[in-house]
Amino acid sequence: MFAGRPMKDWIDEIAPKAGIVVAIGDCATYGGLPAVPPNPSDSRGLQFDRGGVKGGYLGPDFVSKAGLPVINIPGCPAHPDWISQIIVALAAGRAADLALDDFQRPKTFFTSFTQTGCTRVQFYTYKQDPPKFGEGMRTGCLFYEFGCRGPMTHSPCNRILWNRQSSKTRAGHPCTGCTEPGFPFGDLEKGTVFKTQKVAGVIPKDEPEGMDSGSYMALAGLSRAVAPKWSKEDMFVV
Amino acid sequence: MTTMELNVSPLGQVEGDLDVKVAITDGVVTDAWTEAAMFRGFEIILKGKDPQAGLIMTPRICGICGGSHLYKACYALDTAWATYVPPNATRVRNIAQACETLQSIPRWFYAIMCPDMVAAQYSSFPLYEEVAKRFAPYVGTSYQTGVTLSQHPVEIYAIFGGQWPHSSFMIPGGVMSAPTLSDVTRSISILENWARQWLEGQWLGCSVDRWLENKTWSDVQAWMEENESQANSDLALFIKWALQIGLDKYGQGYGNYLATGTFLNPDLYTNPTVDGRNAALQARSGIYANGQYFDFDQMRVTEDVTHSFYQGTGSRHPWEGVTEPIDPAEGAKQGKYTWAKAPRYDVPDLGYVPLEVGPLARQMMAAKPDAADFQDADPFIRNIIDELGPSVLTRVLARVHEAPKYYKNVQNWLKELDLHGEFYVKPGEPDSGKGFGSTEAARGALSDWIVLEGGKIANYQVITPTAWNIGPRDGNSNVGPMEQSFVGTPIENPDFPVELGNVAHSFDSCLVCTVHAYDGKTGKELAKFRMGGG
């Protein structure tokens, strides 16, 4: 509701007149946290529903007056730079340069992974995990035990830092995949929070994008076997 | 006698979710109804989920208090799981909580409080030109620097938590991060740079220590005239302006307060329990009602839904709380008018009463007798309340007085951090238990009650400061604290009631903070007014 009218009435009135429609944040993009089952407020995104089904409130065929679908800037929250840079691009007449991916996210930001630029990537290479939280900042990759979705989440979180300082993964915080339509993954059901979901107790249920479990296990076995001594020690030391 | 009703929407500037209806008789507000206008149902979503789901979910309730939500959600689990929290982890949590509030104070003052204070209606007052030059939205010279520099304290949050807002880095048993030397030195540099530029340079016109020497209202008056730098500070200009336009004359409210306190002592709360919490708080909890102080006891808190869009009437303790929304149109027929529940506190011998939360409440508790050595004991704002009474001015002074205090706190915790110590001890995860976690968000007491059964959340209830303040009438027809504080406000121009904005903004109610809010269409509209430079 805004100023006495349901938000959907505002959208009904404004969207057909808008030159360009931009959805900012997960709620506007996919329905966001309020849409987690049982979705008590019937939340949906502008052009996608939770899980990534195209449709949403405006419907799959909506295009704005400029002939564009809704431009999605997801994230919970969306980074201020992503928002301002896309709006500057649109205002500067660069809409034609704005290639969108399957979820209508600007490719320039959402092609690389959260893992791209992560300071822990060398530990990922040799499949070394930190023994526990609280030592997460000192060593290791959070993908194996703590549910980090950095290898399969598209965001520039480690290219464009947060508050110009850091990122979740740099601070020992597993990526929760908040720029993807499945966030929060596992619907926050029992056992899904900050824990890597596994098959048969060993194989990560969700593999790094583009890998099958056979090649993942082969690579992991080889990596562990050749892991150098330093990869088992603290790197981010006092 | 002329009576009119006035609808003001939206009143909250952060989000457009607070509508207020007031009745005006002979130019003075005689009654008020605050209507929270949005429903999201987070408590319903959390039911049946992973015990730690609140660490992901509740920080996202609010874009500006996310760190405070995380702080209390984590302590709710720490108490339910009976964790051990190493002192260093508590220090990091406190640094993060305080930095979030340091960000909020200037951002609130310039972006929320100022716009209605510089309304054209006040242009005939002598200081108007200077006030507008400095405080006008977007273009004011102090507005620009104050808002821009307010981003720096949360850079420290990001160093420890990865990002601000919406980090979940506080977890039962500690924090996820283990800082390095440069994390601490960077934090010190950012904090000191911000303090020199804004807090001392622009806001106080003097050192933090000089400001903290003020203990009474007459001290403040002397401080304003002490030298040119202090006289020209943004704070002194605000005080002179507030007295000129009468912000000391209205917005009183009930004068009864509740604080749940915050900043757990790192060494005294290594084994967090609900019962041990009061004694470990650096910023103390408490109740002040009808002239008397009482200790805070979470068992005396209830939420009343008689006038809220939920099933039924009456009140419940949050551990037994239910959230069953109903169609607002149906609710309206039963006299319900908002998505906010009405939190109440059972004061000994007084019964269930509405209490104001926020900086005024916190600073009243700072003057509560019998502080332990490590606890904040500060009679300053209490003296101003005694001298001037509560008002828009006093509420603003209480809030901004926290900036120098919290700055000193952060300095100390950074100094005390033992980088070689533990930051996390893995807890057991018992299947069942009850927990209570609380803190003071910039806007006031913020608490979670959690019940775990079978390794899942059986019940989760959040009471936000905004619910305490903007909550509606209860079953005994007691109006909410903010509703009460509108009463008696003089409205000079019903077509442009800036006075209402000044009262509402002094509470800094951030409606996105309410778990349940909706825009109820009520009463006939005689005028509509958009707050904040309109």
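A: Let's start with a word we will need often: buried means under 20% relative accessible area, exposed means over 50%, and partly exposed lies in between (1.4 Å probe, protein chains only). This is a predicted model, in which local features need pLDDT of at least 70 and side-chain atom pairs count only at pLDDT 80 or more, while totals for chains, interfaces and linings use all residues. Residues are numbered from 1 along each chain as its sequence is written, chains are lettered from A and ligands numbered from 1 in the order written, and side-chain values use heavy atoms, without hydrogens and water.

Q: Which elements make up chain A, and in what order do they run?
A: Helices (H or I, at least four residues) and strands (E, at least two) are DSSP runs, numbered from the N terminus. Chain A has six helices and six strands, in the order α-β-α-β-β-β-α-α-α-β-β-α. Its C-alpha atoms fill a box of roughly 60 × 40 × 35 Å along the principal axes.

Q: What share of the residues of chain A is buried?
A: Chain A has 238 residues, and 50% of them count as buried. Contacts (heavy atoms within 4.5 Å) add to the picture: of those in chain A between residues at least 6 apart in sequence, 62% join residues at least 24 apart.

Q: How many residues does each chain bring to the contact between chain A and chain B?
A: Chain A gives 46 residues and chain B gives 60 residues. Another way to read an interface is buried area, the accessible area (1.4 Å probe) that two parts lose on being put together, summed over both. Here that comes to about 4,300 Å², with 61% of it on carbon and sulfur atoms.

Q: How many salt bridges link chain A and chain B?
A: A salt bridge is a side-chain nitrogen of Lys or Arg within 4 Å of a carboxyl oxygen of Asp or Glu. There are two between these chains. One of them pairs A:Arg164 with B:Glu155, at 2.4 Å from N to O. Over all chains, the whole structure has 41 salt bridges.

Q: What parts of chain A does the pair A:Lys198 and A:Glu145 tie together?
A: First, the distance: the closest N and O atoms of A:Lys198 and A:Glu145 are 2.9 Å apart. A:Lys198 lies in strand 5 and A:Glu145 in the loop between helix 5 and strand 5, so their salt bridge ties together parts that are 53 residues apart in sequence. A:Lys198 is partly exposed at 30% relative accessible area, and A:Glu145 is partly exposed at 36%.

Q: Where in chain B are B:Glu416 and B:Arg91, which form a salt bridge?
A: Their closest N and O atoms are 3.2 Å apart. B:Glu416 is in helix 16 (residues 392–416) and B:Arg91 is in helix 4, so to speak a link between distant parts, 325 residues apart. B:Glu416 is partly exposed at 41%, while B:Arg91 is buried at 10%. Elsewhere, salt bridges that share partners join B:Glu130, B:Lys133, B:Arg134 and B:Asp234 into one network.

Q: Why is helix 14 of chain B described as largely enclosed?
A: Helix 14 (residues 359–366) has eight of its eight residues buried, so the rest of the structure largely encloses it. One of its residues is B:Met364, buried at 1% relative accessibility. Leaving out residues up to four places away in sequence, B:Met364 touches B:Tyr257, B:Tyr288, B:Tyr293, B:Arg382 and B:Ile385.

Q: Which peptide bonds in chain A are cis?
A: Most residues other than glycine have a negative phi, and most peptide bonds are trans. Cis bonds here include the one joining A:Pro37 and A:Pro38, with omega about 5°, and the one from A:Phe183 to A:Pro184, with omega near -10°. A:Pro38 sits in the loop between helix 2 (26–30) and strand 2 (48–49); A:Pro184 sits in the loop between helix 5 (121–125) and strand 5 (198–199).

Q: Is A:Gln104, with its positive phi, buried or exposed?
A: A:Gln104 is not a glycine, yet its phi is about 60°. At 5% relative accessibility, A:Gln104 counts as buried, and its place is the loop between helix 3 (80–91) and helix 4 (107–110) of chain A. B:Asp349 also has a positive phi, about 70°, but counts as exposed at 86%. B:Asp349 is in the loop between strand 13 (342–347) and strand 14 (351–353) of chain B.
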